Amino acid sequence: PQNSPKPPLTGKTLIQMGTISPRESLSFKKRVEHAGGRYLEAPVLGSIAQAEKGELTLMVGSEPEDFKQCLPLLRCLSPEPCYVGPAGKAAALKLALNQLIAALTVGFSFSLGIVQRREIDTELFMRILRESALYAPQFDKKLPAMLRRDFAKANFPTKHFFKDIGLMLEEGRTLGLESSALRGCRRAAKKALDQGWVD
């Protein structure tokens, strides 16, 4: 009928930027489109410093024309937003990248523990590491706080780290991937939460 109301999101676009599972993202897409709107997923890689400078890495999953239409807005947050493909793809890519953050952080912490408890010079360890193919810049970013055991100014709270690992494990199960190492990371995060290191 001519007088029937328009769906509530007609002419509107929802841009979902959280870290969620591809399944959740596709569910949101379906609901937004059912309500007459357009949907983009746009998870980010980066932290507070990059956000303040508008230099986040933005990964977008959407219809190509929706990505093009929203590009001027997305460029306020990221110099070059990256189009990944349809919704679900960017959510999966974000989980793949966050899994590396988890693995690198937990792995580096363990190695640093060996070095410290065996009373090996930390700078010697870092010099050898920096000159090797094993090095990741994240190690130097994490090192000062790990040496001081001062985590009061964390860029990413443990509760979110724990939640994201759960999403990664869910994705791994969906895809039939071996996840023993990641389950170990989750146990470490759970121990931190149990000790009160929530934020």
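Here are some short exercises on ring pairs and salt bridges in this predicted model, each with a worked solution.

**Exercise 1.** Classify the aromatic pair formed by Phe67 and Tyr83, and say which parts of the chain the pair links.

*Solution.* Let's begin with the whole structure, where a search finds five aromatic pairs. In the pair of Phe67 and Tyr83, the ring centres are 5.2 Å apart and the planes make an angle of 40 degrees. Planes under 30 degrees apart count as stacked and those over 60 as edge-to-face, so an angle between these limits is called tilted. The Phe67 and Tyr83 pair is therefore tilted. Next, locate the partners: Phe67 sits in helix α3 (residues 64-74) and Tyr83 in strand β5 (residues 82-85). They are 16 residues apart, and the pair links distant parts of the chain.

**Exercise 2.** Decide whether Phe67 and Tyr83 are buried, partly exposed or exposed.

*Solution.* The cut-offs come first: buried means under 20% relative accessible area, and exposed means over 50%. Phe67 has 11%, so this residue is buried. Tyr83 has 31%, so this one is partly exposed.

**Exercise 3.** Now do the same for Tyr135 and Phe139: what kind of ring pair do they form, and how accessible is each?

*Solution.* The centres of the Tyr135 and Phe139 rings lie 6.2 Å apart, with 75 degrees between the planes. Because planes over 60 degrees apart count as edge-to-face, this pair is edge-to-face. Tyr135 has a relative accessibility of 28% and counts as partly exposed, whereas Phe139, at 7%, counts as buried. Finally, look for further partners: ring pairs link Tyr135 and Phe139 with Phe108 and Phe125 into a cluster.

**Exercise 4.** Find which helices are linked by the salt bridge of Arg23 and Glu170.

*Solution.* The structure holds 11 salt bridges. In the one between Arg23 and Glu170, the closest N and O atoms are 3.0 Å apart. Arg23 belongs to helix α1 (residues 22-34) and Glu170 to helix α7 (residues 158-175). With their positions 147 residues apart, the pair links distant parts of the chain. Arg23 itself is exposed, at 55% relative accessible area.

**Exercise 5.** Compare the settings of two more salt bridges, Arg75 with Glu80 and Lys163 with Asp164.

*Solution.* Arg75 and Glu80 bring their closest N and O atoms to 3.5 Å. Arg75 is partly exposed at 42%, and Glu80 is exposed at 54%. For Lys163 and Asp164, the N to O distance is 2.7 Å. Here Lys163 is partly exposed at 37%, while Asp164 is buried at 3%. Elsewhere, salt bridges with shared partners join Lys29, Glu33 and Glu63 into one network.

Conventions:
Residues numbered from 1 in each chain as written. Predicted model: local features only at pLDDT ≥ 70, side-chain atom pairs only at ≥ 80, totals over all residues. Heavy atoms only, no water. Phe/Tyr/Trp six-rings, centres within 6.5 Å; stacked < 30°, edge-to-face > 60°. Helix = DSSP H or I, 4+ residues; strand = E, 2+ residues; numbered from the N terminus. Buried < 20%, exposed > 50% of the residue type's maximum accessible area, 1.4 Å probe, protein only. Salt bridge = Lys/Arg side-chain N within 4 Å of Asp/Glu carboxyl O.
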